[in-house]
Number of protein chains: 2
Amino acid sequence: MRVGHARFDDRIFDETSCGSANSTIRTGPLTLLLRAQKMIRFASKQIIFHEDDPADAVFLFASGTVGQYRFLPNGRRLVAGFLFPGDFAGLSFGERYSLTAQSIAPTAAYSLPRAELNVLCSHSTALQTDLVCLLKQELVSEREAHLPMLHQAAHARVARLLLMLARRKGIDGCNGEAVQLTMTRSDIADYLGISVETVCRSFTKLKEDRLIASSSPDRIWIKNMARLSSLGEGQE
Amino acid sequence: MRVGHARFDDRIFDETSCGSANSTIRTGPLTLLLRAQKMIRFASKQIIFHEDDPADAVFLFASGTVGQYRFLPNGRRLVAGFLFPGDFAGLSFGERYSLTAQSIAPTAAYSLPRAELNVLCSHSTALQTDLVCLLKQELVSEREAHLPMLHQAAHARVARLLLMLARRKGIDGCNGEAVQLTMTRSDIADYLGISVETVCRSFTKLKEDRLIASSSPDRIWIKNMARLSSLGEGQE
DNA sequence: CGTCTCATTGAGAACAATCAACCACGGTGG
DNA sequence: CCACCGTGGTTGATTGTTCTCAATGAGACG
């Protein structure tokens, strides 16, 4: 895969402590707890946990990219979302994982057994409060990500994904930084709910319209943030 | 509107204590706490809380139907979901509501100031655990509701909504009970992310194919649960 | 009895899926 | 070394689906 750079930095991008803003370092009790655990490394395309397996661990990712997905009875794959450094996985599941998590690029993660987390939570109000915050955040970002897409055309969905990725990396489109797409067109299609071909055509269209530029399929420069935003946010 | 029947019963339909199953009475601490609060009644089409207002109360609905929505910049309305007796609202918001809640039918709700809830939570592990459970549930059901729809055709989305409503009412399609649609075609369209016309055509198609029957637009009988399920779940 | 809102249907245009071909690249094995 | 294969990306042609615009019907309500 288009990997090899395994960027491992210590900065952790996530929402602020419990509020809203982005690309800030999270330092809640749960983050600190997880970062004290031992780290596991995954090569690309490895399964981190599998749907229907007992949900016996939670994860905090330190580097790499992870996709969470499941399958429709007809065989179509639904990608629920992508996880980046600073994101948690496993917090919201019940007895069993309801999604499969797979590394898309080489990934490092802190992991904590769920049983331990439960014990710690029952003794620490701070930890439990932090957990509530994280769940709320996850719920909000889930809503922000999926709801609007249900009402948007293909081009707009692609624009929205690019904006999300850019925001995560703190890219505003003014400086020369590129958005690195660690996932394949197929991953993107299964996330956006459109076909691979339509994803391609959308990228081509965005390039033609000079909203973005790219040297290779996985490096995208945002050339016109204003128009890309208004497309992605649903202005048009 | 198609109102006037204001069915007010005391039964509360919701997921089990913290697990998964449906149409069971919830008796968690939070539910009990809310049910001890004073009840507010809303006529149809009243705003219960408004997007961007300070989120200073949580609600447990006892009767009626509520729609939660917000608007895209282009003016399209996104209906995030419908709330029924036994459902909570307001648990997942931060400082401000991120959705507007409006009664679709005459509605009764127990309400508790958020500040009070916070105090109570900080003194009761049971309450906080229950809150975590509810948030997890909300997250799971949000995912179950919206993710697959992103990948489904219009007919399947309508089928999915009918299945969801039937499940909420404990209707399995064998006995003669009808699904009562308290929301308008427009509400449904804005929830499913399709146009009103397509919603109509889907209902017509489902009737032609004898998956459902109806005497009036708001009363639907499920005639072939097997086929409706396989359509809604994404078998085809 | 007009006027609303909501629901339904039709016709045409716009959109996205599918099927099919092709290119670029990175192995791998002869 | 190079032919071969597999994967991922892109583009074209065709088909099917959905949207939009427009008209009409059915009730509710003043």
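Student: Is A:E144 buried, partly exposed or exposed?
Tutor: This is a predicted model, so keep in mind that we're reading computed values. Buried means under 20% relative accessible area and exposed means over 50%. A:E144 has a relative accessible area of 32%, so by those cut-offs A:E144 is partly exposed.

Student: Which residue does the side chain of A:E144 meet in a salt bridge?
Tutor: A:E144 lies in helix α3 of chain A, and its partner sits in strand β4 of chain B, so the pair joins two chains. The distance is 3.3 Å, N to O. That partner has a relative accessible area of 12%, so it counts as buried. The residue is B:R70.

Student: Which residues of chain A does B:R143 meet in salt bridges?
Tutor: Let's take the two bridges in turn. One has a distance of 3.5 Å, N to O, and its partner is A:E142. That pair joins two chains, because B:R143 lies in helix α3 (residues 125-149) of chain B and A:E142 in helix α3 of chain A. The other bridge, at 3.9 Å, N to O, goes to A:E138.

Student: Are B:R143 and A:E142 buried or exposed?
Tutor: Use the cut-off again: under 20% relative accessible area is buried. B:R143 comes in at 6%, and A:E142 has 10%. So B:R143 and A:E142 are both buried.

Student: How many salt bridges are there between chain A and chain B?
Tutor: We've just met some of them, including the one between B:R70 and A:E144. Over all chains the count comes to 16 salt bridges. Between chain A and chain B, the count is 6.

Student: Which element gives the most residues to the side of chain A that touches chain B?
Tutor: There are 11 residue pairs in polar contact between the chains. On the chain A side, β7 (77-83), α2 (114-123), α3 (125-149) and α5 (185-192) each supply at least two residues. The top contributor gives 17 residues, and that's α3(A).

Student: How much area do chain A and chain B bury between them?
Tutor: Start with the contacts: 44 residues of chain A touch 44 residues of chain B. In chain A, A:R143, A:L150 and A:H151 lose the most area to chain B, together 20% of what that side buries. Of the area buried between the two chains, 61% is on carbon and sulfur atoms. The total is about 3,800 Å².

Student: What kind of axis relates the two copies?
Tutor: Chain A can be laid on chain B with an RMSD of 0.0 Å, using a turn of 180° and a shift of 0.0 Å along the axis. The copies are therefore related as by a two-fold rotation axis. They also meet through the same surface, because 100% of the interface residues of chain A are interface residues in chain B too. So the axis you're after is a two-fold rotation axis.

Student: Which residues are joined with A:R77 in one salt-bridge network?
Tutor: Look within chain A this time. The side chains of A:R77 and A:D187 meet at 2.7 Å, N to O, and since A:R77 lies in strand β7 and A:D187 in helix α5, the pair ties together parts 110 residues apart in sequence. Both A:R77 and A:D187 are buried. Through shared partners, the network joins A:R77 with A:D187 and A:D190.

Student: Is B:Q68 buried or exposed?
Tutor: B:Q68 has its place in strand β4 (residues 66-71) of chain B. Beyond its close neighbours in sequence, B:Q68 is in contact with residues including B:F49, B:L78 and B:F93. Its relative accessible area is 8%, so B:Q68 is buried.

Terms used
Residues numbered from 1 in each chain as written. Chains lettered and ligands numbered in written order. Predicted model: local features only at pLDDT ≥ 70, side-chain atom pairs only at ≥ 80, totals over all residues. Heavy atoms only, no water. Contact = heavy atoms within 4.5 Å. Buried area = accessible area lost by both parts, 1.4 Å probe. Salt bridge = Lys/Arg side-chain N within 4 Å of Asp/Glu carboxyl O. Polar contact = N/O pair within 3.5 Å; in protein donor to acceptor, adjacent residues only side chain to side chain. Helix = DSSP H or I, 4+ residues; strand = E, 2+ residues; numbered from the N terminus. Least-squares fit on C-alpha atoms with pLDDT ≥ 70 in both. Buried < 20%, exposed > 50% of the residue type's maximum accessible area, 1.4 Å probe, protein only. Lists of a residue's contacts leave out its neighbours within four places in sequence.
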